[in-house]
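Q: I am new to this structure. Can you walk me through how to read it?
A: Yes. Let us look at the model first.

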Amino acid sequence: RLRSRCSSSSTKLICFMARKIPPETILDDMTIREALSLLSSGSVTAEQLALACLERIRKFPEPFVHLMEESALTHARDIDSKRAAGDPLGPLAGLPVAVKDLLDIAGAPTASGSPVSFELREATKNAKIVERLQQAGVVIVGKTHLSELAFTGLGYNPHYDTPFSPFGEQLLPGGSSGGSAVAVAQSLVLGAVGTDTGGSIRIPAAWCGVTGFKPTFGVVPLEGCQCLCEGLDSIGPLCRSVDDCAILFEVLSSPAGLKEVVPPLVELPSSTLRFLVPSNITDECDESVAAAFSQALQVLEEAGACIRRQPLPQIAQLRQPFLTVLMSEAAATHAELLTDSARASALDPLVRSRLEGGQQKSAVEYLQARAELRRLAKELDVASAGHDAVLLPTCPITPPKLEEILANWECMQTTAVKANLFARVANGLGCCAASLPCHPIPSVGTHGDGDKLSLP
């Protein structure tokens, strides 16, 4: 849990109304379900929540590349007016959320993390999931930072200031949805939307201490998303908890629009849960990551869950065909960009080298890689049958410092590959995956007064 000055959201609300604490601190530790309850009861208005978010963002702007202050406040005030008049509202009316700058919002720029290459193109219509969010009453306060073209898991982008992980100074947030993760971790918004091609939701979730969920491929529509790889990409939520993610996911995945807030998730008895863990999976992990993962497994076992360990060679076998598909599709997506030498030369060197590598892949290699991924998916389905989930560390490494990767090109390349070593598995298989914090969480970076906690 992120700490705050008050012990609960209700206490913070009383302090806020009495002006004993700055208005923006009402967001500290508030869950989506709590916020919706306060909004529906009239204890807090949509405008107050939007203003609280915007005030925090002004003090900590790095996670955002485009702030939508005017439209957010207009939308929030409209919601308050309709609520006062008793007019029907969406189930998430007034909830402040941010979206990644790969998703089109009509009238706003979509640069895909590459403002030089795409000249801040302005969207003429909303992405499908933006339509669903707005129909549910969500107030979108801005668009968040990402790695250029969403093509690295580090969260660094040479065209923007870097939003750092709350775990320490200069620590990278993870990518490519790093801005969304930091915005949630710093309580700038109550939830955010990201995209995930090879771990781009879950890596930043892990490096920033929040929860990230990559849905099953195809469950959330990609229309209006400036994809990196349409055959691997998924859109999903980043929030403070599984329950918050479940609420946002229902909006993103509901074709007919969300009619009501999903009820709280039912907690299953631990003794009924069966998990599969690949043998020796921590051999490729940093010592601190291995220790945190082992401790999490111990907690589950002590609670009564069944943990079964067995070799899963398919995880290692999946890496090469996944990279072939990723690089091939990314190069095809941005083929026009690569033909323009001026625009291509302005790209992050790491991104450009990956795109150029994809150009070298043949159609035969691509089709063979796709076939190999299908084969491995079937084998893993058989191997994991009878289990509720396969458990892996999200990342084998902890977040590196920005100065370290900038000082050493080889270090940057190696770290970028390591970052999504495990996360890419779910994308290669097309299955859903969640990243859950299992290490100490730091206090809120700009407003909390708890002690900073380091990674184990």
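Q: How many bridges join strand β7 to β9, and do they run parallel or antiparallel?
A: Keep in mind that this is a predicted model. Two bridges join strand β7 (residues 274-278) to β9, and the strands run parallel. One contact can be placed by residue: Phe275 has Ala389 in β9 as its bridge partner.

Q: In what order do the strands of that sheet lie?
A: The order is β8-β7-β9. The three strands make an open sheet, with parallel pairing.

Q: Which strands stand at the edges?
A: Those are β8 (306-310) and β9 (389-390). Each has a single partner strand, so one side of each is left without a neighbour in the sheet.

Q: Now strand β2. Which strands pair with β2, and over how many bridges?
A: Take the partners in turn. Strand β3 (residues 139-144) pairs with β2 in the parallel sense, over five bridges. Here Pro96 stands opposite Val139. Strand β4 (residues 191-196) also runs parallel to β2, joined by three bridges. There Ala98 stands opposite Ala192.

Q: Where do the side chains of a strand point?
A: In a regular strand they alternate between the two faces of the sheet. Now look at β2. Pro96, Ala98 and Lys100 point one way, while Val97 and Val99 point the other way.

Q: Are the residues of β2 buried or exposed?
A: Buried, five of the five in residues 96-100. The strand is therefore largely enclosed by the rest of the structure.

Q: What does a search for aromatic pairs find?
A: One pair in the whole structure. It is made by Phe213 and Phe249, with ring centres 5.2 Å apart. Their planes meet at 85 degrees; over 60 counts as edge-to-face, so that is the label for this pair. The pair links distant parts of the chain: Phe213 is in strand β5 (residues 211-214) and Phe249 in helix α9 (residues 242-253), 36 residues apart.

Q: Is Phe249 buried or exposed?
A: Phe249 has 17% relative accessibility, so it counts as buried. The cut-off is under 20%.

Q: Which charged residues lie over rings?
A: Two cases are worth finding. The charged end of Arg343 sits over the ring of Phe118, 5.7 Å from its centre. Arg354 lies over the face of Phe151, at 5.5 Å from the ring centre.

Q: Last, the surface. Which residues make a nonpolar patch?
A: Val242, Leu265 and Leu436 make one of about 260 Å². To locate Leu436, look in the segment after β10 (433-435).

Note on methods: Residues numbered from 1 in each chain as written. Predicted model: local features only at pLDDT ≥ 70, side-chain atom pairs only at ≥ 80, totals over all residues. Heavy atoms only, no water. Phe/Tyr/Trp six-rings, centres within 6.5 Å; stacked < 30°, edge-to-face > 60°. Helix = DSSP H or I, 4+ residues; strand = E, 2+ residues; numbered from the N terminus. Buried < 20%, exposed > 50% of the residue type's maximum accessible area, 1.4 Å probe, protein only. Lys NZ or Arg CZ within 6 Å of the ring centre and 35° of its normal. Pairing = 2+ DSSP bridges. Patch = residues over 30% accessible without salt bridge, like charges linked within 9 Å, V, L, I, M, F, W, Y side chains within 5 Å. Areas by Shrake-Rupley, 256 points an atom, 1.4 Å probe, with all protein chains shown as cover. Salt bridge = Lys/Arg side-chain N within 4 Å of Asp/Glu carboxyl O.
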